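I opened my notebook and set out to look a few things up, one at a time. Here is the model I worked from.

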Amino acid sequence: MEVKARAPGKIILAGEHAVVHGSTAVAAAIDLYTYVTLRFPLQSAENNDRLTLQLKDISLEFSWSLARIKEAIPYDPSTLCRSTPTSCSQETLKSIAVLVEEQNLPKEKIWLSSGISTFLWLYTRIIGFNPATVVINSELPYGSGLGSSAALCVALTAALLASSISDKTRGNGWSSLDETNLELLNKWAFEGEKIIHGKPSGIDNTVSAYGNMIKFCSGEITRLQSNMPLRMLITNTRVGRNTKALVSGVSQRAVRHPDAMNSVFNAVDSISKELAAIIQSKDETSVTEKEESIKELMEMNQGLLQSMGVSHSSIEAVIQTTVKHKLVSKLTGAGGGGCVLTLLPTGTLVDKLVEELESSGFQCFTASIGGNGAQISY
């Protein structure tokens, strides 16, 4: 049997960093996906006693005997309940880490360890100790702030849950899960994100699971329904960043200048709320007028992010290049590198811009904003 699943990445349209200080943030799904294919062998097949993970886009494969997994991971059949997501204990995580270490990851790929640990946890909790080959490939650059880890958790969980759905309607296209399974999927994916990030906000996995857009404030997530098409050029600066250090830097600045920084956070909150209202609006305002308003809000948000100290010379280089083409850009996510969003109003041609950015060493993607969430195919 073969099951396929896909889950989108995400961008922060407005509110990054300020959200940590109580402001509203708006995030959206993008049509760049992580794909997971789950294959169960026939009883007579040679590999029916192994669990194999293939990371296609980075040409790596890992394989464990089921006997070794059972030996390492505590297992009580009575506790296996796919309908009740549970957190991975520190003791179990240590046992899983040993299984990962035994695969002798290349030093330059050691950052994959937490993702592989997440794979082993989600697989054994949802499927149990059954043989399979799991193939993963992604259109999302790793570690660039586009939600690649959440997309992995969501797509993997979708495939695992879909494998046990009794009504497997076969077709050529992708289909979405029902609300009950989406909620279950999102909870399991959040547990996976905890293994990778420690204390994630839940924004990334929620956007990836449900798609479209969400508004997030003080721990409360509200799903939004977009009523206008949006396209963005996403430019990966290829500059790595330390998210914890950037978040800490903003907090320290807020301690040194509380009144000024509170004004900044309040301004970001207003921008996020206005952006959400424009995107959801069903009034007679033309798409062109809405795009113009979004451009101004993005421009203001970027200025405020600069005042928080989270921009970077690579980000500014991208912004200056897009300004020459009369387009507006802002960083997305933690800043300090990572990715930059450029709004593409209806009819915008980007070939020359992309050529200019890529000649400077940047990586470009064009994406539609606010599309589908997790989907499955049999």
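These are my entries, grouped by topic.

**Ground rules.** I am working with a predicted model, in which local features need pLDDT of at least 70 and side-chain atom pairs count only at pLDDT 80 or more, while totals for chains, interfaces and linings use all residues. Residues are numbered from 1 along each chain as its sequence is written, and side-chain values use heavy atoms, with hydrogens and water left out.

**Cysteines.** How many disulfides does a search of the whole structure find? I noted 0, taking a disulfide as a pair of cysteine sulfur atoms within 2.5 Å. Cys-88 is in none, and its nearest cysteine sulfur, in Cys-153, is 12 Å away. Seen from Cys-153, the closest cysteine sulfur is that of Cys-88, and 12 Å is too far for a bond. As a reminder to myself, a disulfide is a covalent bond between the sulfur atoms of two cysteines.

Next I asked whether Cys-88 is buried or exposed. Buried means under 20% relative accessible area, exposed over 50%, and partly exposed in between, with a 1.4 Å probe and protein chains only. Cys-88 has 14% relative accessibility, so I wrote down buried. Cys-153 is buried too, at 0%.

**Helix α8.** Helices (H or I, at least four residues) and strands (E, at least two) are DSSP runs, numbered from the N terminus. I checked the length of α8, residues 258-280. The expected span is 1.5 Å times one less than the number of residues. For the 23 residues of α8 that gives 33 Å, and the end C-alpha atoms are 33 Å apart, so the two agree. Its buried residues include Met-261, Phe-265, Ile-271 and Leu-275. I found the buried residues of α8 packing against several elements, among them β1 (2-14), β2 (25-39) and α9 (287-308).

**Helix pairs.** Two packed helices are described by the angle between their axes and the distance between the axes. Axes are lines fitted to C-alpha atoms, for helices over the stretch in contact, and angles run from 0 to 180 degrees between N-to-C directions. Contact means heavy atoms within 4.5 Å.

The axes of α3 (residues 113-126) and α4 (residues 148-162) come within 10 Å and cross at roughly 25°. That makes α3 roughly parallel to α4, since angles under 35 degrees count as roughly parallel, over 145 as roughly antiparallel, 65 to 115 as roughly perpendicular and the rest as oblique. Where they meet, α3 offers residues including Phe-119 and Leu-122, and α4 residues including Cys-153 and Leu-156.

The axes of α4 and α5 (residues 179-197) come within 8 Å and cross at roughly 135°. That makes α4 oblique to α5. Cys-153 of α4 and Trp-188 of α5 are among the residues making this contact.

**Single residues.** Trp-121 lies in α3 and is buried, at 3%. Which residues does Trp-121 touch, not counting those up to four places away in sequence? My list includes Cys-88, Ile-96 and Trp-188. The C-alpha atoms of Trp-121 and Cys-88 are separated by 7.3 Å, with their positions 33 residues apart along the chain.

Thr-322, in α10 (residues 313-324), is buried at 0%. Its C-alpha atom is 7.4 Å from that of Thr-342, 20 residues apart along the chain.

Ala-67 sits in α1 (residues 66-72) and is exposed, at 56%.
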